[in-house]
Amino acid sequence: MGEIVYGDKVYGNKFGGDLVQGDKHVYGAGHVPDDGRLSGTQTHGGRAHRRESRVILLMTANPLRTSALRLDQERRAIDQAVTLAQAGDWLAIRTADAVRLDDLQSALLRHRPAIAHFSGHGSQSHGILVNDDFGLPQPVPPHALSDLFGILRGSLRCVVLNACFTHEQARAVARHVPCVIAMQGPVPDLTAIRFATGFYQGIAHGRSVRVAYELGLNLLSLHGHDDTQLPVLVAGEGVAEQTVIAD
């Protein structure tokens, strides 16, 4: 089936209390059962099921001799989105800063994320840039990055390349990962931050990747941005609509 870049067709709490009998629980004073979303649980046919924990891995790099980025503000926005949605019981944020080439493998192996998110610089000719051993820019070969996600794709449902000129890299990664979000051109800091805010609000509230992506675009529109065409979603037809991190 053809691959789609949305906008362009490309031809891809423990419950408080103790269990007594069946579905009945004894709750402590003042405890009000929720609908299953706030405590990391879901209800099915009257039974409560705890959601499996998912990881968002935030990898960042801002090498020397590149313009300073507000990566801390982007991280804050993502963390706040998860916190305000009260999704912390099932959606964990892990970080890897000042990333080097070797860190890409180790971070993915260690955290086994559902979403792998890269924030930093991208090059039109080389893709994303990480740090070398001296803190200087080091390109990540696009084919090698794609292969890495292919090797470790087991838990991955979405990759976000929140850096300039990453849309071509996204198409390669999308051969292995259900959904990839990237930027098709130079991306201002505030655009990257606001898109991430809207996107992760959707994810944290249990919406599909497609809906979360559209919320990111909508937040840019609400703030009057004229660059809402920059974020692109690459996924197989119908895949982004069916991909939910919270299931």
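**Reading the terms in this structure**

Q: Why is cysteine 179 called buried?
A: Cysteine 179 has a relative accessible area of 0%. Buried means under 20%, exposed over 50% and partly exposed in between, using a 1.4 Å probe and protein chains only, so cysteine 179 counts as buried. This is a predicted model, where local features need pLDDT of at least 70, side-chain atom pairs count only at pLDDT 80 or more, and totals for chains, interfaces and linings use all residues. Residues are numbered from 1 along each chain as its sequence is written, and side-chain values use heavy atoms, leaving out hydrogens and water.

Q: How do you know that cysteine 179 is in no disulfide?
A: A disulfide is a pair of cysteine sulfur atoms within 2.5 Å. The nearest cysteine sulfur to that of cysteine 179 belongs to cysteine 158, 5.6 Å away, so the pair does not meet the cut-off. The structure holds 0 disulfides.

Q: What makes α5 a helix, and how does its reach fit the expected span?
A: Helices are DSSP runs of H or I with at least four residues, and strands are runs of E with at least two, numbered from the N terminus. Helix α5 covers residues 189–204, 16 residues in total. The expected span is 1.5 Å times one less than the number of residues, and α5 reaches 22 Å from first to last C-alpha, close to the 22 Å expected.

Q: What makes β11 and β12 a pair?
A: Two strands pair if DSSP finds at least two bridges between them. Strand β11 (residues 127–131) and β12 have 3 bridges, in the antiparallel sense, so they count as paired.
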